[in-house]
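Here is my note on the model, as numbered points. Please read it with the coordinates open.

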Amino acid sequence: MKKRTTMLIMSMTLAVLLIAGGTFAWFTATADPVVNEFQAGTLILSVEECFNACDAANVNPGDCIQKHVRFHNDGTKRMFVRVDLEEIFMDVTGADLDPDGIVSYDLGPNWVLHTDGYYYYTLEVEAGDVTEEIISEVCFDGPAMDNTYQGSKFTLTVKSEAIQVTNGAAEDVWGIDPSTL
């Protein structure tokens with residue numbers, strides 16, 4: 001009987017524990033999700049040029065023709081700018097003439113011609129800012145521009161590039177940090 005009573009008490013205790021255990025609740029909590037959006041910045045480079053083609057239609061040796069060129073940062077990131085001034089001089093038959101010593105232009109402040117042939121603007125251009133002029137006029141040397149150049153055509157093409165200032169991008173892509181020139 002004692003065994004039976006013990007068994008009955010244990011069974012009832014187990015039943016109570018099972019019922020009570022099923023009704024216990026734990027405190028829990030969840031947090032609202034946190035959403036983080038990252039917007040990439042932009043590099044938008046534009047060229048501002050002031051040039052009157054009529055002034056360049058009948059060039060004489062010794063003439064200087066106004067040509068103002070500078071660059072705008074229309075993006076959101078700071079940028080470095082480099083420029084390739086591609087010069088082509090052709091005689092009336094279409095043969096190439098050498099522009100060295102014939103054509104010149106004074107570089108504006110903070111522009112440097114590097115050994116790789118590019119002109120680098122040594123200052124960072126902030127978003128919304130503009131560079132100083134790279135050139136303000138194109139000059140043709142009087143004594144050096146002999147009869148070989150009569151009827152010839154000189155073409156100056158301004159090719160520009162920009163790169164972000166941050167994270168060593170200029171050194172990585174261009175092989176140079178323009179601020180060190």
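1. The radius of gyration here is taken over C-alpha atoms, and the globule rule is 2.2 Å times the number of residues to the power 0.38. For a compact globule of 181 residues that gives a value near 16 Å, but the protein chain has 37 Å. Keep in mind that this is a predicted model.

2. The box tells a related story. Along the principal axes, the C-alpha atoms fill roughly 135 × 30 × 25 Å.

3. Next, the secondary structure. The protein chain has two helices and nine strands. Read from the N terminus, the order is α-β-β-β-β-β-β-β-β-β-α.

4. How much of the chain is buried? Of its 181 residues, 24% count as such. The accessible surface is about 12400 Å². Carbon and sulfur atoms make up 55% of that surface.

5. Contacts deserve a look too. Take those in the protein chain with a separation of 6 or more: 74% of them come from residues 24 or more positions apart.

6. Check the charges before setting up any electrostatics. There are 10 positive and 28 negative side chains. The centres of the two sets lie 34 Å apart.

7. One local site: Ser 152. This residue is in the loop between β8 (135-140) and β9 (153-164). A polar atom of the Ser 152 side chain lies 2.6 Å from the backbone oxygen of Tyr 149.

8. What does Ser 152 touch, leaving aside residues up to four places away in sequence? The partners are Phe 89, Met 90, Asp 91, Val 92 and Leu 97.

Terms used. Residues numbered from 1 in each chain as written. Predicted model: local features only at pLDDT ≥ 70, side-chain atom pairs only at ≥ 80, totals over all residues. Heavy atoms only, no water. Helix = DSSP H or I, 4+ residues; strand = E, 2+ residues; numbered from the N terminus. Polar contact = N/O pair within 3.5 Å; in protein donor to acceptor, adjacent residues only side chain to side chain. Contact = heavy atoms within 4.5 Å. Buried < 20%, exposed > 50% of the residue type's maximum accessible area, 1.4 Å probe, protein only. Areas by Shrake-Rupley, 256 points an atom, 1.4 Å probe, with all protein chains shown as cover. Lys, Arg positive; Asp, Glu negative; His and termini not counted. Charge placed at Lys NZ, Arg CZ, Asp CG, Glu CD.
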